[in-house]
Amino acid sequence: MSTTLDSDERRVLESIPHQLLIGGNWQDGEHGTFAVEDPATGDTLTEVADASPADAVAALDAATTAAPEWAAFPPRERGEILRRAFETIVARVDDLALLMTLEMGKPVAESRSEVLYAAEFLRWFSEEAVRIEGRYSVSPTGSGRILTTRQPVGPCLLITPWNFPLAMGTRKAGPALAAGCTVIIKPAQQTPLSTLAFAAILEECGLPKGVVNVVTSTRAGATTEPLLDDQRLRKLSFTGSTEVGRLLMSQASKTLLRLSMELGGNAPFLVFEDADLDAAVEGAVLAKMRNGGEACTAANRFHVHESVAAEFAARLAKRLGAMRVGRGTDPGVDLGPMIDAKQRDKVAELVSDAIDRGAKPLTGGSPLERPGYFFEPTVLGDVSDHARLLTEEIFGPVAPVISFSSEEQAVTAANSTEYGLVAYMFTANLKRALRVAEALETGMIGLNQGIVSNAAAPFGGVKQSGFGREGGHEGIAEYLATKYIAVNMD
Ligand code: NAP
């Protein structure tokens with residue numbers, strides 16, 4: 001553990017398990033341990049267990065053994081365990097937020113928001129657990145009855161990314177557990193600590209042994225591959241890059257595994273000439289800078305009507321230029337470090353490419369020369385249509401502003417991407433709002449608001465952003481299989 005940590009930071013790091021959770025036992029990994037880094041300093045925070053493929057198979061053994069009993073658990077009791085976990089997370093929001101900031105970097109205030117957002121999935125799905133319904137109908141001939149029921153699909157593998165270390169786990173585990181499925185969670189190697197804390201809370205709240213298993217690992221592919229080959233695994237829910245999603249989908253074809261894929265994004269943010277510009281700038285700050293731009297829902301490009309583009313860009317640059325950058329635990333910090341050197345360097349490369357093609361930085365534009373992985377909040381004007389950051393996911397605090405002259409041009413530009421997760425639109429014209437919303441090729445639209453995430457709403461994308469929905473009534477359906485019972489009444 002680093003000597004630069006204060007006593008509170010040490011306490012939260014020491015308060016959680018650092019081992020694998022398999023069948024209700026916290027145990028060492030066959031590959032020893034690996035270091036978790038503080039992205040604000042590059043120092044090691046702590047070490048966690050490094051799983052082998054055999055450890056992952058042991059987790060599947062445990063999830064398979066626990067599956068029948070959990071599927072038969074009274075739905076109300078499943079819901080009550082989730083409800084207790086919701087309450088425990090809310091009660092511990094400060095410690096969980098500090099833990100998250102240490103491993104992921106974002107300011108503590110933002111981590112608090114994520115912890116509360118993450119907890120909401122447990123509350124929402126605690127309520128959904130008792131609403132798993134089937135139907136009863138008379139067959140068209142009148143001589144039979146059609147009964148349907150929905151059953152848990154069985155053991156699920158949940159693979160999560162580093163950018164929302166707790167919410168991506170609860171958004172999957174909440175509906176899976178509510179449906180009666182057992183799970184194996186494989187968190188990202190940069191941010192395993194929030195998942196370990198979450199699993200410990202589920203255990204404390206009465207979850208039976210083996211229902212949740214956690215496998216932390218430095219060899220994601222090798223560790224999960226035997227599970228994808230194993231017919232006892234019934235579902236994979238993955239959140240991460242489109243590239244890895246494609247790879248997992250091809251591996252999963254061998255066992256025809258059920259899949260949910262929450263992949264990358266390239267969100268357009270449209271500002272029409274009739275928009276409330278104050279609201280649009282506020283929405284832009286949120287859509288771009290929430291999570292330091294390291295969000296699949298982050299606005300990736302700002303398409304603004306030519307009559308207001310210069311003013312919008314200047315105002316956005318003023319807001320971003322005033323943001324305080326620093327370690328997420330320091331008071332008053334608005335933007336923390338990026339997750340690692342690779343991510344920071346990728347953002348720097350995309351910004352250099354845009355500048356080489358004529359873009360003008362209105363604020364920022366460079367990495368910060370200090371320990372850790374910081375990049376300045378950046379707004380770019382005069383961005384060429386050929387700049388890579390218009391087609392690639394930036395995943396950092398960089399806002400390119402491009403102007404358009406007609407609604408048709410705006411929609412064409414917005415849709416000119418392989419991704420289709422979310423789009424944002426600011427306009428005061430209701431007919432235009434609905435017309436454009438229908439034309440945009442995305443799974444979600446933020447209308448006059450810069451955030452769409454909500455546990456009660458279906459989150460997910462189209463095109464190369466994947467398929468499946470998390471949250472809302474749709475979320476639990478991903479973990480249920482419909483069974484039809486034909487009844488002969490003759
Ligand atoms: P990533 O590299 O695809 O990794 C995501 C997860 O997959 C991590 O747990 C990673 O483990 C694991 N993984 C990597 N290679 C694997 C393999 N061959 N087999 C099995 N697992 C593998 O993505 P990331 O860089 O962590 O996350 C950022 C991406 O996630 C962005 O593209 C973002 O848009 C997307 N995202 C999407 C949503 C959504 O809901 N649509 C939400 C958040 C993020 P390791 O950490 O060990 O490599």
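Student: In this predicted model, how many residues surround the ligand, and which are the closest?

Tutor: A residue counts here if one of its heavy atoms lies within 4 Å of the ligand. The closest residues are Thr160, Lys186, Ser241, Leu263 and Glu393, and the number that surround the ligand is 32.

Student: By class, how is the shell around the ligand made up?

Tutor: The shell around the ligand has four charged residues and 12 polar ones. The remaining class in the shell is nonpolar, and its count is 16.

Student: What is the distance from an oxygen atom of the ligand to an N or O atom in the side chain of Glu393?

Tutor: Oxygen atoms of the ligand also have polar partners elsewhere, including a side-chain atom of Trp162 at 3.0 Å and a backbone atom of Gln189 at 2.9 Å. For the side chain of Glu393, the distance from its N or O atom to a ligand oxygen is 2.5 Å.

Student: How much of the ligand's accessible area does the protein cover?

Tutor: On its own, the ligand has 910 Å² of accessible area. The space that the ligand takes is the largest pocket, and the part of that accessible area covered by the protein is 87%.

Student: Where does the ligand lie with respect to domain 1 and domain 2?

Tutor: Helix 6 (167–179), helix 8 (220–228), strand 10 (235–239) and helix 9 (242–252) each supply at least two residues of the shell. Because domain 1 (7–263 + 466–484) and domain 2 (267–454) both give residues to that shell, the ligand lies between them.

Key. Residues are numbered from 1 along each chain as its sequence is written. This is a predicted model: local features need pLDDT of at least 70, side-chain atom pairs count only at pLDDT 80 or more; totals for chains, interfaces and linings use all residues. Side-chain values use heavy atoms; hydrogens and water are left out. A polar contact is a pair of N or O atoms within 3.5 Å; within protein, one must be able to donate a hydrogen and the other to accept it, and residues adjacent in sequence count only if both atoms are side-chain atoms. Accessible areas come from the Shrake-Rupley method with a 1.4 Å probe; for residues, only the protein chains shown count as cover. On a 1 Å grid over the protein atoms alone, a cavity is a set of points where a 1.4 Å probe fits but cannot get out, and a pocket is an open set with protein on both sides within 12 Å along at least five of seven lines; lining residues have an atom within 4 Å of a point. A molecule sits in a cavity or pocket if more than half of its atoms lie within 2 Å of its grid points. Helices (H or I, at least four residues) and strands (E, at least two) are DSSP runs, numbered from the N terminus. Ala, Val, Leu, Ile, Met, Phe, Trp, Tyr, Cys and Pro count as nonpolar, Asp, Glu, Lys and Arg as charged, and the others, Gly among them, as polar. Domain bounds come from an automatic or database domain assignment.
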